[in-house]
Amino acid sequence: MDLSELVTTQAGEQGEPQQRRIISGLSLNANKILHKAENAWKPLSGKLASGCGVTEEERKTQEVLRELQAILNKLTPGNFGSLMKSLAQLEINTEARLKAVIGLIFDKAVSEHSFCPAYAKMCHHLLGLNVATEDGHRVTFQKVLLRHCQSQFEKNHNEEEMINIQEELDATENVSVTVTLKEKDALSRDFHHHRSLGVMKLIGELFKLKMLSANIMHHCVVKLLKDEHEESLECLCKLMSTIGKDLDTPSAKPDMDHYFAYINKIIQEKTTSTRTRFMLLDMIDLRKNNWVPRRDEEGPKVIRQLHLKAKL
């Protein structure tokens, strides 16, 4: 089956994947002394602390981001409404500030999967926001969010970082360095795996709120299926379990049938791990059950919901 024919309603053509450029890190065995420049770059937070080289715009942007971080840290289902009032008061009036705000919300969301619905609702509250660009035009919150979602979906730091670590492992015979690199490798894999699943969950929740189109979701599904990598298939399961009920409409049924026929083919070929095959089988069962999960997904709840659950 040709995956390029799976989506019959999808707009636009997919370009050829860009070739990844591998940048090797410094060897841990090298005793090279780095020269420190007099005007070395400092993180903005460090600049703010020292009060040197900070523009008024940078200072205001950092204040906005600090206030936003405080809102994100306090977010619960019970105080969502009051925090959205605080969010509306933030001075998000430049393109750079808008991008920084979206990046902060996105990073927070993909690290806390169970809160993704709340963070998606937060984005929905900012939907009417638009700011002036440097060239005098206007850009909307939704457009910047879409660009960010696309870049995060297509970004693949994980593989490049794994290659760099493997090169370090190949280059050293030091046992302690080898152990350190293997620990770093495991931590990096766990981090990127968790983040990848979070990206799927968040873009799925954004789609459910009509902030991303069905065509974009079909594009994501096809891209993940074509990859056939274990992690991509797990991401597919996470995405489908989030959006399946909303994406599997009568008009989209031919495409969905093609997707699941291809998934069945992957299962029958047994080219993946047993764990991945069972995840794919669970997804097939989920569709057969009209996208109703066997048990409710655990997530943050208000006190009233907890009391009701305790009574049951």
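**Close-up views of a predicted model**

**Figure 1. Helices α6 and α9 run side by side in a roughly parallel arrangement.** The axes of helix α6 (residues 141–154) and helix α9 (residues 214–227) come within 12 Å and cross at roughly 5 degrees. Because angles under 35 degrees count as roughly parallel, α6 is described as roughly parallel to α9. On the α6 side, the residues in contact are Leu146, Phe153 and Glu154. They meet Ile216, His219, Cys220, Lys223 and Leu224 of α9. As with the other views here, please keep in mind that this is a predicted model.

**Figure 2. A salt bridge joins Arg97 to Glu57.** The closest N and O atoms of the two side chains are 2.7 Å apart. Arg97 belongs to helix α4 (residues 95–111) and Glu57 to helix α2 (residues 56–74), so this salt bridge ties together parts that are 40 residues apart in sequence. The two partners also differ in their surroundings: Arg97 is buried, at 1% relative accessible area, whereas Glu57 is partly exposed, at 36%. If you would like to look for further pairs of this kind, the count for the model comes to 14 salt bridges.

**Figure 3. Glu63 and Arg59 form a salt bridge within helix α2.** Here the N to O distance between the side chains is 2.3 Å. Glu63 and Arg59 are four residues apart in the helix, so about one helical turn separates them. Glu63 is partly exposed, with 29% relative accessibility. Arg59 is partly exposed too, with a relative accessible area of 30%.

**Figure 4. Asp257 and Arg287 take part in a network of salt bridges.** In the Asp257–Arg287 salt bridge, the closest N and O atoms are 3.0 Å apart. This pair links distant parts of the chain, with Asp257 in helix α11 (residues 253–269) and Arg287 in helix α12 (residues 274–288), 30 residues apart. Asp257 is partly exposed at 31% relative accessibility, while Arg287, at 17%, counts as buried. Asp248 and Lys253 complete the network, which links them with Asp257 and Arg287.

**Figure 5. Phe115 and Tyr119 make up one of two aromatic pairs found in the whole structure.** The ring centres of Phe115 and Tyr119 lie 6.2 Å apart, and 45 degrees separate the planes. That geometry is classed as tilted. Both residues, Phe115 and Tyr119, are buried.

**Figure 6. Phe260 and Trp291 form an edge-to-face aromatic pair.** From centre to centre the rings are 6.1 Å apart, with 65 degrees between the planes. Because planes over 60 degrees apart count as edge-to-face, the Phe260–Trp291 pair falls in that class. Phe260 lies in helix α11, and Trp291 in the loop between α12 and α13 (303–311). The pair thereby links distant parts of the chain, 31 residues apart. Phe260 is buried, with a relative accessible area of 6%, and Trp291 is likewise buried, at 10% relative accessibility.

**Figure 7. Lys121 places its charged end over the ring of Phe80.** In this last view, look for the ring of Phe80 and then for the charged end of Lys121 sitting over the ring. The distance from that charged end to the ring centre is 4.6 Å.

Terms used. Residues are numbered from 1 along each chain as its sequence is written. This is a predicted model: local features need pLDDT of at least 70, side-chain atom pairs count only at pLDDT 80 or more; totals for chains, interfaces and linings use all residues. Side-chain values use heavy atoms; hydrogens and water are left out. A salt bridge is a side-chain nitrogen of Lys or Arg within 4 Å of a carboxyl oxygen of Asp or Glu. Helices (H or I, at least four residues) and strands (E, at least two) are DSSP runs, numbered from the N terminus. Buried means under 20% relative accessible area, exposed over 50%, partly exposed in between (1.4 Å probe, protein chains only). Rings of Phe, Tyr and Trp (its six-membered ring) pair if their centres lie within 6.5 Å; planes under 30 degrees apart count as stacked, over 60 as edge-to-face and the rest as tilted. A charge sits over a ring if NZ of Lys or CZ of Arg is within 6 Å of the ring centre and within 35 degrees of the ring normal. Axes are lines fitted to C-alpha atoms, for helices over the stretch in contact, and angles run from 0 to 180 degrees between N-to-C directions. Angles under 35 degrees count as roughly parallel, over 145 as roughly antiparallel, 65 to 115 as roughly perpendicular and the rest as oblique. Contact means heavy atoms within 4.5 Å.
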